[in-house]
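Work through the exercises below with the model open. Try each task before you read its solution.

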Amino acid sequence: MSIEKNIQTVKDFFAAIGRGDRQALLALVAEDIKWIIPGEDWPLAGTYRGHAGLADLLDTASRSMETSTEPREFVAQGDRVLVVGFASGKVKATNKPFEDDWIFAITVRDGRLTSIQEYIDTQALVRAAQMDASGPV
C-alpha cells in the first residue's frame, strides 16, 4: 500500500478509538496484531495479542481510565507510521489526572495494523494509578 493509504488507515484507527467503535477497530487490525504498552504498576501496561487481546485492552481501558487522545502528527516511511500525540485523563480507581505526550510506532500491512509499540510517559501514568496512603483521592 502507499504511504498515504497507510497514514489514512492509522487515522481511521484513531477515529474509531475516539468513537468507541470496536467493529471498526477490529476491521482495521490484523488478526495477529501485537500491541505493546510499556511500564509496570498501571492498568494498561502489557503486551496484547490478536483480536482477543485488543478486546481485553479495550475492556481494561474502559473500566480503569477516562482518557482523551489527540494524535497530532503522522510521519510515515514504507509500512511504518509514527504518530505523535497527547493524551489526558484520569485513572478511575484513584481519581488522579494524568497528561501524557506519546509516540506510537505502527506497522501497517495490506491495509491493516499489525503492530503497535507505544512510547509514553509511564511515570505520569504510574503516579496517577498509585493509591495514596489513605486510599483513593
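Ala, Val, Leu, Ile, Met, Phe, Trp, Tyr, Cys and Pro count as nonpolar; Asp, Glu, Lys and Arg count as charged; the others, Gly among them, count as polar. The model is predicted: local features need pLDDT of at least 70, side-chain atom pairs count only at pLDDT 80 or more, and totals for chains, interfaces and linings use all residues. Residues are numbered from 1 along each chain as its sequence is written, and side-chain values use heavy atoms, with hydrogens and water left out.

**Exercise 1.** Sort the lining of the largest pocket by residue class.

*Solution.*
- Start with the total: 28 residues line the pocket (each has an atom within 4 Å of a pocket grid point).
- Now split them: 18 are nonpolar, six polar and four charged.
- Find the centre: Ile17, Leu44, Ala61, Thr67 and Thr69 lie nearest to it.
- Trace the sources: β3 gives the largest share, six residues.
- Add the volume: the pocket holds about 700 Å³ of space.

**Exercise 2.** List the buried residues of α1 and the elements they pack against.

*Solution.*
- Locate α1: this helix covers residues 3-19.
- Apply the cut-off: buried means under 20% relative accessible area (1.4 Å probe, protein chains only).
- Asn6, Ile7, Thr9, Val10, Phe13, Phe14 and Ala16 are buried.
- Their packing partners are α2, β1, β3, β4, β5 and β6.

**Exercise 3.** Describe how β4 joins β3 and β5.

*Solution.*
- β3 and β4 run antiparallel, joined by 12 bridges.
- Gln77 stands opposite Arg80.
- β4 and β5 also run antiparallel, with 12 bridges.
- Here Phe86 has Asp101 as its bridge partner.

Terms used
Helix = DSSP H or I, 4+ residues; strand = E, 2+ residues; numbered from the N terminus. Expected span 1.5 Å × (residues − 1). Buried < 20%, exposed > 50% of the residue type's maximum accessible area, 1.4 Å probe, protein only. Contact = heavy atoms within 4.5 Å. 1 Å grid on protein atoms, 1.4 Å probe; cavity = no way out; pocket = protein on both sides within 12 Å on 5 of 7 lines; lining within 4 Å. Points joined across faces, edges and corners; volume = space filled by probe spheres on them. Pairing = 2+ DSSP bridges.
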